[in-house]
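Q: I'm new to reading protein structures, and I'd like a close look at one single spot. Please pick a residue, then walk me outward from there to the parts of the chain around it.

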Amino acid sequence: MDDLAARCVPIRVGTAGWSYKDWEGTFYPARRAGRFDALVFSAALFDTTEINSTFYRIPPPGMTRSWARRVADNPRFSFAAKLYRGFTHERNAGAPEEKAFVEAMTPPEAAGRTSANL
């Protein structure tokens, strides 16, 4: 492998989240049979997505475990989690929030489903 190939990082293309009502009929199919899962649909088309919701609240690990499980059909798929606003904007997050965020991101990280934290 030459030096350039060794330094190359794959370019990922994805969406800024996956749960948007106004995407129905434009990005998501207008008519959906059965239980439609927007994350599964997105993971079939793209290889990454931003977890936008982590900016607003730190999710429980069970929720992020579910996200990792639901994208299992795309081996290249990864998440980029937005950091909780308590750290970035409000600046009032401390050790408990840090611990909760790490615990929340552990299931997708353990599944090899994280690429970056924003």
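## A close look at threonine 54

A: Leaving aside residues up to four places away in sequence, threonine 54 touches Pro59, Ala81, Lys82, Leu83, Tyr84 and Phe101. Keep in mind that this is a predicted model. So where does threonine 54 sit along the chain? You'll find threonine 54 in the loop between β2 and α3. Is threonine 54 buried or exposed? Its relative accessible area is 0%, and buried means under 20%, so threonine 54 counts as buried. The side chain of threonine 54 also reaches the backbone oxygen of isoleucine 51, at 2.9 Å.

Isoleucine 51 takes us back into strand β2, which covers residues 48–51. Here's a handy rule: in a regular strand, side chains alternate between the two faces of the sheet. In β2, Thr48 and Glu50 point one way, while Thr49 and Ile51 point the other way, and all of them are buried.

Who are the neighbours of β2? On one hand there's β1 (residues 14–15), which pairs with β2 in the parallel sense over 2 bridges. Glycine 14 has threonine 48 as its bridge partner in β2. On the other hand there's β3 (residues 78–81), and β2 and β3 pair in the parallel sense over 4 bridges. Threonine 48 turns up again here, with serine 78 as its bridge partner in β3. A little further along, glutamate 50 stands opposite alanine 80 in β3.

Strand β3 is covered on both faces: Ser78 and Ala80 on one side, and Phe79 and Ala81 on the other, are all buried. Ala81 should ring a bell, as one of the residues that threonine 54 touches.

Now for the helices that link these strands. β1, α2 and β2 make a right-handed β-α-β unit. A second right-handed unit is made by β2, helix α3 (residues 61–70) and β3. The loop that holds threonine 54 lies between β2 and α3, so let's look at that helix too. In α3, the buried residues are Thr64, Ser66, Trp67 and Ala68. They pack against α2, β2, β3 and α5.

Some of these names come back in the largest nonpolar core, which has 16 residues. Which members touch the most others? They are Trp18, Leu39, Ile51 and Phe79. At least two residues of this core come from each of α2 (38–45), β3 and α5 (95–110). Ile51, then, touches many names in our story: besides its place in the core, its backbone oxygen is what the side chain of threonine 54 reaches.

For a contrast, try arginine 91, in the loop between α4 (85–88) and α5. Arginine 91 is exposed, with a relative accessible area of 69%. Most residues other than glycine have a negative phi. Arginine 91 has a positive phi of about 55° although it is not a glycine.

Finally, step back to the whole chain. There are 5 helices and 4 strands, and from the N terminus the order is α-β-α-β-α-β-α-α-β. Of the 118 residues, 31% count as buried, and threonine 54 is a buried residue. Among contacts with a separation of 6 or more, 72% are between residues 24 or more positions apart.

Conventions: Residues numbered from 1 in each chain as written. Predicted model: local features only at pLDDT ≥ 70, side-chain atom pairs only at ≥ 80, totals over all residues. Heavy atoms only, no water. Buried < 20%, exposed > 50% of the residue type's maximum accessible area, 1.4 Å probe, protein only. Pairing = 2+ DSSP bridges. Right-handed = clockwise from strand over helix to strand, strands pointing away. Core = buried A, V, L, I, M, F, W, Y, C linked by side-chain atoms within 4.5 Å. Contact = heavy atoms within 4.5 Å. Polar contact = N/O pair within 3.5 Å; in protein donor to acceptor, adjacent residues only side chain to side chain.
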